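Keep the sequence and the 3D view side by side. Which parts sit inside, and which face out? The paragraphs below take this step by step.

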Amino acid sequence: RVFDNLKAVCEAAGGTLADIAKLNIFMTDLSHFQLVNQIMGEYFAQPYPARAALGVASLPKGALVEMDGIVIIHQ
């Protein structure tokens, strides 16, 4: 769901996931990073955006993963 939301935000701004230069991944359980990484491979192609994975105590609405990113759109 998180990747679908990121895709929708990029498209609303006139871009795509390929325009993400930096991605921050917030997880309540860092042991899920491998699964997040695997799913990310389904949405992104090389070169992958720079990223940081951060462990957090909790996220809004009980979410397990949240992301934000920096999108660079050339016009």
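Strand E1 (20–27), helix H2 (33–43) and strand E3 (65–71) are among the elements that cover the buried residues of H1. The model is a predicted one. Helix H1 itself runs over residues 2–12, and its buried residues are Phe-3, Leu-6 and Cys-10. Why do these residues sit on the same side of H1? They span an arc of only 60 degrees around the axis, so they share one side of the helix. Turn to the other side of H1 and you find Val-9 and Ala-12, both exposed. After H1 comes Gly-14, with a positive phi near 90 degrees.

The buried residues of H1 lead into the core. How many residues make up the largest nonpolar core? It has 12 in all. Phe-3, Leu-6 and Cys-10 belong to it, together with Leu-17, Ile-20, Leu-23, Ile-25 and Met-27. Val-36, Met-40, Phe-44 and Met-67 complete the set. H1, E1 and H2 each supply at least two residues of this core. E1 gives the largest share, 4 residues.

Two core members show how distant parts of the chain meet. Take Cys-10. Setting aside neighbours within four places in sequence, Cys-10 is in contact with Gly-15, Thr-16, Leu-17, Ile-20 and Val-71. Leu-17 and Ile-20 from that list are core members too.

Now take Phe-44. Its place is in the loop between H2 and E2. Is Phe-44 buried or exposed? Its relative accessible area is 6%. The cut-off for buried is under 20%, so Phe-44 counts as buried although a loop holds it. Beyond its neighbours within four places in sequence, Phe-44 is in contact with Phe-3, Leu-17, Ile-20, Leu-23 and Pro-49. Of these, Phe-3, Leu-17, Ile-20 and Leu-23 are listed in the core. Phe-44 and Leu-17 are 27 residues apart in sequence, and their C-alpha atoms are 6.8 Å apart in space.

The loop between H2 and E2 has another feature to look at. Gln-46 lies in this loop, and Pro-47 lies there as well. A cis peptide bond joins Gln-46 and Pro-47, with omega at about 0 degrees. Most peptide bonds are trans. Gln-46 is exposed, because its relative accessible area is 64%. Compare Phe-44, in the loop between H2 and E2, which is buried at 6%. Gln-46 and Arg-1 are 45 residues apart along the chain, with 21 Å between their C-alpha atoms.

Arg-1 also takes part in the largest pocket. Which residues line the largest pocket? From the start of the chain come Arg-1, Val-2 and Phe-3. His-32, Leu-35, Val-36 and Ile-39 also line it, as do Leu-64, Val-65 and Met-67. The space in this pocket is about 250 Å³. H1, H2 and E3 are the elements that give two or more residues to the lining. H2 gives the largest share, 3 residues. By class, the lining has 8 nonpolar, 1 polar and 1 charged residues. Some of these residues have a place in the core as well: Phe-3, Val-36 and Met-67 appear in the pocket lining and in the largest nonpolar core.

Finish with the exposed loops. Ala-18 is in the loop between H1 and E1. Its relative accessibility is 70%, so Ala-18 counts as exposed. Ala-18 and Tyr-43 are 25 residues apart in sequence, yet 9.2 Å separates them in space, C-alpha to C-alpha.

The loop between E2 and E3 holds Lys-61. At 89% relative accessibility, Lys-61 counts as exposed. What is the phi of Lys-61? It is positive, about 60 degrees, although Lys-61 is not a glycine. Most residues other than glycine have a negative phi. Ser-58 also has its place between strand E2 (50–55) and E3, in the loop. Ser-58 counts as exposed because its relative accessibility is 56%, and the cut-off for exposed is over 50%. Ser-58 and Ala-13 are 45 residues apart in sequence and 29 Å apart in space, C-alpha to C-alpha.

Notes. Residues are numbered from 1 along each chain as its sequence is written. This is a predicted model: local features need pLDDT of at least 70, side-chain atom pairs count only at pLDDT 80 or more; totals for chains, interfaces and linings use all residues. Side-chain values use heavy atoms; hydrogens and water are left out. Buried means under 20% relative accessible area, exposed over 50%, partly exposed in between (1.4 Å probe, protein chains only). The arc is that of the directions from the helix axis to the C-beta atoms. Contact means heavy atoms within 4.5 Å. A nonpolar core is a set of buried Ala, Val, Leu, Ile, Met, Phe, Trp, Tyr and Cys residues joined through side-chain atoms within 4.5 Å. On a 1 Å grid over the protein atoms alone, a cavity is a set of points where a 1.4 Å probe fits but cannot get out, and a pocket is an open set with protein on both sides within 12 Å along at least five of seven lines; lining residues have an atom within 4 Å of a point. Grid points are joined across faces, edges and corners, and a volume is the space filled by probe spheres set on the points. Ala, Val, Leu, Ile, Met, Phe, Trp, Tyr, Cys and Pro count as nonpolar, Asp, Glu, Lys and Arg as charged, and the others, Gly among them, as polar.
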